[in-house]
Amino acid sequence: MNLPIFADIEKATQRLQGYAYRTPVVTSRTVNELTQAEVFFKCENFQRTGSFKFRGAFNALSQLSEEQKSRGVLTFSSGNHAQAIARSGQLLGIPSTIIMPSDAPTVKQAATRGYGAEIILYERAEVAREVLCQQIATERNSTIIPPYDHPDIIAGQGTTAFELLEEVGTLDLLLVCCGGGGLLSGCAIATRQLAPDCKIIGVEPANADDATRSFQTKTLQKIENPKTIADGARTPYLGKLTFPLVLQNVDDMVTVSEEDIIKTMFFVWERMKLVIEPTGALAAAALIQGVVKAKGSRVGVVISGGNVDLKQISQLF
């Protein structure tokens with residue numbers, strides 16, 4: 001597969017018109033005073049299915065051939081990509097099957113079923129999801145649409161930064177969460193073209209720092225079943241496409257603690273009145289908790305999603 005380029009993001013922007021929401025950009029005087037910066041939050045928690053994942057999923061599914069559509073699609077996901085594939089399939093009339101870990105948030109499982117997808121649960125400790133997915137795809141002759149390591153997925157996710165920069169103009173710094181690197185890669189490609197002097201920083205949980213270590217060592221690092229509240233960042237490693245894209249286009253990678261994630265999520269809930277999930281708080285946590293200093297800068301922060309399991313989160317109060 002070829003690495004996606006900016007032209008692919010431009011085409012994805014056109015395909016998504018009328019389907020994906022143009023999510024709001026929110027500012028906060030409190031955050032600006034706290035960070036001594038001018039901060040713009042791109043709120044993908046208001047995207048269809050509650051996260052940025054709809055962008056990539058719809059962009060990928062809309063380009064399948066009629067034969068591929070009739071045979072259905074298959075993917076593996078802990079939740080947000082699952083919902084995005086299910087909803088995109090529903091809109092495009094494509095049957096979808098999702099392989100999900102048994103410990104995936106129940107709210108995400110319920111939403112995925114609600115969009116009409118078939119769910120196959122598996123145990124993280126017993127089987128590799130990619131292996132299981134390939135077995136089922138072979139049996140059913142389905143097309144696999146992976147959650148991040150696919151050029152059309154990456155291009156779709158890049159429309160997030162495309163929209164942000166189109167709306168607010170150039171930035172000095174862009175903070176983006178990182179799991180498998182699809183969102184970070186796509187946003188970095190768009191930003192390199194539209195705001196070439198903007199510094200791009202990826203943010204991971206400290207407990208799931210494979211991408212940060214990969215970036216620092218220039219060698220792909222892996223971490224199996226990382227224990228973090230940010231379930232969207234529990235990917236074991238960057239992909240064959242996302243790893244080189246991160247190395248090419250991202251300026252730095254940082255990590256935030258579980259405490260920082262929780263504190264930031266509650267801060268955004270309470271002070272900004274935005275319901276965000278733990279993974280959605282990663283980029284904001286790096287800024288608000290002072291991991292990244294941005295005094296005097298114009299800063300973009302991608303809030304990646306808002307599919308929070310309130311029953312699970314209530315245990316943290």
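## Pockets, a buried helix and salt bridges

The lining of the largest pocket is made up of 14 nonpolar, 15 polar and 9 charged residues. The model described here is predicted. In this model the largest pocket has a volume of about 550 Å³. It is lined by 38 residues, and those closest to its centre are Arg 129, Gly 232, Arg 234, Thr 235 and Pro 236. Three elements give two or more residues to this lining: α5 (80-92), α7 (129-140) and α9 (182-194). The largest share, 3 residues, comes from α9.

The second largest pocket has a volume of about 320 Å³. Of its 15 lining residues, Phe 76, Glu 130, Pro 146, Asp 149 and Tyr 237 are the closest to the centre. Here α7 gives the most, with 4 residues. The lining of this second largest pocket holds 9 nonpolar, 2 polar and 4 charged residues.

Helix α8 covers residues 151-168, which makes 18 residues. From its first C-alpha to its last it reaches 26 Å, close to the 26 Å expected at 1.5 Å a residue. Of the 18 residues of α8, 15 are buried, so the helix is largely enclosed by the rest of the structure. After α8 comes Gly 169, with a positive phi near 85 degrees.

The count of salt bridges comes to 14. Three of them are listed below.

| Salt bridge | N to O distance |
|---|---|
| Arg 29 and Glu 33 | 3.1 Å |
| Glu 163 and Arg 55 | 2.9 Å |
| Lys 69 and Glu 66 | 3.6 Å |

Arg 29 and Glu 33 both belong to helix α2 (residues 29-35) and lie 4 residues apart, about one turn of the helix. Arg 29 has a relative accessibility of 62% and therefore counts as exposed. Glu 33 also counts as exposed, at 52%.

The pair of Glu 163 and Arg 55 links distant parts of the chain, with Glu 163 in helix α8 and Arg 55 in helix α3 (residues 53-61), 108 residues apart. Glu 163 is buried, because its relative accessibility is 10% and buried means under 20%. Arg 55 is buried as well, with a relative accessible area of 0%.

Lys 69 and Glu 66 both lie in helix α4 (residues 66-71), 3 residues apart, about one turn of the helix. Lys 69 is buried at 15%, whereas Glu 66 is exposed at 60%. Elsewhere, salt bridges that share partners join Lys 42, Glu 44, Arg 55 and Glu 163 into one network.

Key. Residues numbered from 1 in each chain as written. Predicted model: local features only at pLDDT ≥ 70, side-chain atom pairs only at ≥ 80, totals over all residues. Heavy atoms only, no water. 1 Å grid on protein atoms, 1.4 Å probe; cavity = no way out; pocket = protein on both sides within 12 Å on 5 of 7 lines; lining within 4 Å. Points joined across faces, edges and corners; volume = space filled by probe spheres on them. Nonpolar A, V, L, I, M, F, W, Y, C, P; charged D, E, K, R; others polar. Expected span 1.5 Å × (residues − 1). Buried < 20%, exposed > 50% of the residue type's maximum accessible area, 1.4 Å probe, protein only. Salt bridge = Lys/Arg side-chain N within 4 Å of Asp/Glu carboxyl O.
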